[in-house]
Amino acid sequence: MRRPNPPRPPAPQRAGQIKEVSSLANPVVKEMRALQLKKERQRTGLFLAEGLKLIADAIDQDWPIRVLAYAAKVKDQPMVRRIARAAVDRGALVLVVSEDVLEKISRRDNPQMVVAVFEQRLIGLDDIDLDRSSVWVALETVKDPGNLGTIIRTADSVGASGVILIGDTTDPFALEAVRATMGSIFNIGLAAATAEEFVAWKRRTGVPVIGTHLAGAVDYRSLRYAEPGILLMGNEQSGLPDDLVAACDHTVKIPMAGRADSLNLAVATAVMLYEMRRPRLKL
Ligand SMILES: C[S@@+](CC[C@H](N)C(=O)[O-])C[C@H]1O[C@@H](n2cnc3c(N)ncnc32)[C@H](O)[C@@H]1O
């Protein structure tokens, strides 16, 4: 299971500068490429994000940035100049790089012209301020990075407070998951806990937990959903285990009329979130 973040070491001394780099042997480029590996993300507490708008939004929200890298051909764009200045002001290292280097960092043929390294933020359950929360989505051992990223994006879209990762889940800071969030990873909270910690926290706080289950006998449209509240979703293959079902105040089902056995996890989460947040969503 992922543990909440330990205190971060200070940013490296070489920070706060702009450098031109075209070599894949450059040590910072090597460190950025290594962030494709989970063990490196866990060791450093850092992660990669791509895309000008997304990175600009993250910087505007004061998300701690360590490195900003962009292609020489976009260096005079006003937005790139603005975020480069902001990154330097925050002590980040800024690299003007070749497209070849960008391709290798993001492992893509047509890479985004801007990539950045940010610090991960993962809190524990006791850091969740329930008084200031709407809905948190709790995901039991979610395995697919695309599902997780889509759920984070959907949770952001409905104004949910965040996502709780229960047990041994896929890494929310993997590039594939971050891509699928489309920037929402910077907008909502992320917490991690074991199943036992989650059940104990539910008992301690009394926060209502709504589980979704294919064996549920209650139509999800028949409940009134209180806030703060927790929407608890099961794993892609095995659904919710019994100990977590037992922690739920209600288990609900989304009716299905065709021959499909179940909905995709991210789709089921979206259906539930739009129902739970329906009274508060206005055009
Ligand atoms: C792909 S389903 C898991 C299917 C698994 N074989 C099972 O028996 O639960 C992943 C999760 O999506 C949610 N889900 C999918 N379809 C649902 C439905 N029709 N009603 C309620 N929850 C659903 C549940 O949280 C479920 O654990």
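In what order do the seven strands of the open sheet stand, and is the pairing parallel or antiparallel? I opened the notebook with this, keeping in mind that the model is predicted.

**Entry 1, the seven-stranded sheet.** I read the order of this open sheet as β8-β7-β6-β11-β9-β12-β10, and the pairing is parallel. At the edges I found β8 (189–193) and β10 (218–219), each with a single partner strand, so one side of each is left without a neighbour in the sheet. I then looked at one pair in detail: strand β6, residues 135–140, is joined to β7 by five bridges in the parallel sense, and within this sheet tryptophan 136 has glycine 162 of β7 as its bridge partner. Across β6 and β7 lies helix α6, residues 145–157, which runs at about 145° to β7.

**Entry 2, aspartate 171.** Following the chain on from β7 (162–166), I located aspartate 171 in the loop that leads to α7 (175–181). Is this aspartate buried, exposed or partly exposed? I noted 18 other C-beta atoms within 10 Å of aspartate 171, and because a residue counts as buried at 20 or more and as exposed at 12 or fewer, aspartate 171 is partly exposed. Leaving aside residues up to four places away in sequence, I listed Lys38, Arg41 and Ala177 as the residues that aspartate 171 touches. I also took a separation to alanine 92, which is 79 residues away along the chain, and the two C-alpha atoms are 24 Å apart.

**Entry 3, leucine 37.** I turned next to leucine 37, which sits in the loop between α1 and α2 (38–44). With 11 other C-beta atoms within 10 Å, leucine 37 is exposed, because the limit for that class is 12 or fewer. Between the C-alpha atoms of leucine 37 and alanine 177 I noted a separation of 13 Å, although their positions lie 140 residues apart along the chain.

**Entry 4, α1 against α5.** How do helix α1 and helix α5 pack? I found α1 (residues 27–34) and α5 (residues 99–106) at an angle of about 35°, with 8 Å between their axes. The contact is built from Val29, Met32 and Arg33 on the α1 side and from Val101, Lys104 and Ile105 on the α5 side. By class, the residues of this contact are four nonpolar, no polar and two charged.

**Entry 5, the five-stranded sheet.** I recorded another open sheet, of five strands in the order β1-β4-β3-β5-β2, and here the pairing is mixed. Its edges are β1 (18–21) and β2 (46–50), each with a single partner strand, so one side of each is left without a neighbour in the sheet. From one strand to the next the twist averages 20°. Strands β3 (residues 65–71) and β4 (residues 93–97) run parallel and are joined by five bridges, and I saw alanine 69 opposite leucine 95 of β4. Helix α3, residues 52–60, lies across β2, β3 and β5 (114–119), running at about 35° to β5.

**Entry 6, the record and the ligand.** In UniProt, an unreviewed entry places the feature "domain: RNA 2-O ribose methyltransferase substrate binding" at residues 48–124. Over that stretch I noted 38% helix and 27% strand, with the end C-alpha atoms 22 Å apart. Which residues are closest to the ligand? Of the 16 residues that surround the ligand, the closest are Thr212, Gly234, Gly239, Leu263 and Ala268. I sorted the shell around the ligand into eight nonpolar, six polar and two charged residues.

Terms used: Residues numbered from 1 in each chain as written. Predicted model: local features only at pLDDT ≥ 70, side-chain atom pairs only at ≥ 80, totals over all residues. Near = placed C-beta within 6 Å. Nonpolar A, V, L, I, M, F, W, Y, C, P; charged D, E, K, R; others polar. UniProt positions renumbered as here; feature names shortened; annotations may be inferred. Contact = placed C-beta atoms within 7 Å. Pairing = 2+ DSSP bridges. Axes fitted to C-alpha atoms, helices over the stretch in contact; angles between N-to-C directions.
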